[in-house]
Amino acid sequence: MTEHIPLLDDDNSLKSLTTWLREFYGKNVGLFLVAAAQLFFSIVDLSVQKLHHIDPPVTTLQLILVRMTITYVLSILYMISMDIPHPFTGPPDVRGLLVFRGCSGFVGVSGLYYSLTYLTLSEATVLSFLTPFMVAIAGAVFLKEKLYGKQLVAGAISFCGVILIARPEFLFGGLDDLPPLEAKDRLVAVAAGIISCVGATGAYTTIRAIGSRAHALHSLTSFAGKSVLASAIGILMGGSDLVIPTDPVWLSLFGIIGVFAFTAQFLLTMGLQRETAGRGTTAIYTQIVFATILENVFFEYTPSPWSVAGIVMIVTAALYVAVSKPKESVIVDDASV
């Protein structure tokens, strides 16, 4: 009789553990979905960076054209299959806002992809964490949302982190070991990253203004459609030659950018629908972890101490705001990635 007691205890322990894991998953499924989306976004950004450095390199506008064409087609097909009204233009009362959202998103993704030409994956990723602070200011100005002092303080700390990542020559000329040309390119790339944040801010603020008057995929379709149009015009006016992929690696990277980006945005939407804004935003910052690991594995790159310090400052400030802000409505769309 006594020989069976440990077995019963083990069975009970196993059942308790299974129950606990099931409850833990149920309570945090939104966080897991958001974190999974960040992994897909990081893989997309890694593919973009890889295509920037092949011979001949793929231009930023062509990358946007390929990615957004795939995203647009998949979004339209999904809305048609689900009988969502106005799949191409969106609801009549918010079409103007959807146009602005699409144009702002194009600015955001253009700046991000250009910054990946000269910045590392982790540096470009962490610069995008400035967007929540800009959104808070834009929301207070245009939507009359409440702005908290801690958001401004965190924004100031993040700006100092940006300076450490950019390392402008007039401040770090004697301390940084970068060649003058590389330092200049780096500064321009950081400026592009900040412009990306401005574009994303316009997109996120517009999404807040639209609210529930349009489906989330209406916003994504407008973003993809305007990006396809703008990138195609830019390619034609710029006279740049299209890089036609013939190598299987190229084709694979193009496919990853299109399909994985759509998958990431779909996971992000599902995750944020199940989470409060604070917890959901906290999971978004896991992207810096994935970005750092991926670039170390595929590029064997280790960031400089200056960049590490800047990354820590931006992530710390962003996490502080994310976990301490009050419960609010959640944005269920990705603006620039």
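In the predicted model, helix 3 and helix 9 pack with their axes 8 Å apart and at an angle of about 60°, which makes helix 3 oblique to helix 9. The crossing in which helix 3 passes helix 9 is right-handed. On the side of helix 3, the meeting residues are Leu98, Val99, Arg101, Gly102, Cys103, Gly105, Phe106 and Val109, and their counterparts in helix 9 are His218, Ser219, Ser222, Phe223, Lys226, Ser227, Ala230 and Ser231.

One of the helix 9 residues in this interface, histidine 218, was examined individually. Histidine 218 belongs to helix 9, which spans residues 216–238, and is classed as buried because its relative accessibility is 5%, where the cut-off for burial is under 20%. The side chain of histidine 218 reaches the backbone oxygen of histidine 86 at a distance of 3.1 Å. When residues up to four places away in sequence are not counted, histidine 218 touches Leu98, a residue of helix 3 that also appears in the helix 3 and helix 9 interface, together with Met79, Ile84, Pro85, His86, Pro87, Gly90 and Pro91. Histidine 86 is thus named both as the partner of the side chain of histidine 218 through its backbone oxygen and among the residues that histidine 218 touches.

Aromatic pairing was considered next, and a search of the whole structure finds three aromatic pairs. One of them is formed by tyrosine 78 and phenylalanine 266, whose rings are edge-to-face, with 6.2 Å centre to centre and 70° between the planes. Because tyrosine 78 lies in helix 2 (residues 60–81) and phenylalanine 266 in helix 10 (residues 248–273), this pair ties together parts that are 188 residues apart in sequence. Tyrosine 78 counts as partly exposed at 30% relative accessibility, and phenylalanine 266 likewise counts as partly exposed, at 37% relative accessibility.

A further edge-to-face pair is formed by tyrosine 114 and tyrosine 118, with 6.0 Å centre to centre and 65° between the planes. Both residues lie in helix 3 (residues 95–118), where they are four residues apart and therefore separated by about one helical turn. Tyrosine 114 counts as partly exposed at 32% relative accessibility, and tyrosine 118 is also partly exposed, with a relative accessible area of 37%. Helix 3 accordingly holds this tyrosine pair as well as the residues, including Leu98 and Val109, that meet helix 9.

Note on methods. Residues are numbered from 1 along each chain as its sequence is written. This is a predicted model: local features need pLDDT of at least 70, side-chain atom pairs count only at pLDDT 80 or more; totals for chains, interfaces and linings use all residues. Side-chain values use heavy atoms; hydrogens and water are left out. Rings of Phe, Tyr and Trp (its six-membered ring) pair if their centres lie within 6.5 Å; planes under 30 degrees apart count as stacked, over 60 as edge-to-face and the rest as tilted. Helices (H or I, at least four residues) and strands (E, at least two) are DSSP runs, numbered from the N terminus. Buried means under 20% relative accessible area, exposed over 50%, partly exposed in between (1.4 Å probe, protein chains only). A polar contact is a pair of N or O atoms within 3.5 Å; within protein, one must be able to donate a hydrogen and the other to accept it, and residues adjacent in sequence count only if both atoms are side-chain atoms. Contact means heavy atoms within 4.5 Å. Axes are lines fitted to C-alpha atoms, for helices over the stretch in contact, and angles run from 0 to 180 degrees between N-to-C directions. Angles under 35 degrees count as roughly parallel, over 145 as roughly antiparallel, 65 to 115 as roughly perpendicular and the rest as oblique. A crossing is left-handed if the near helix is turned anticlockwise from the far one by less than a right angle, and right-handed if clockwise.
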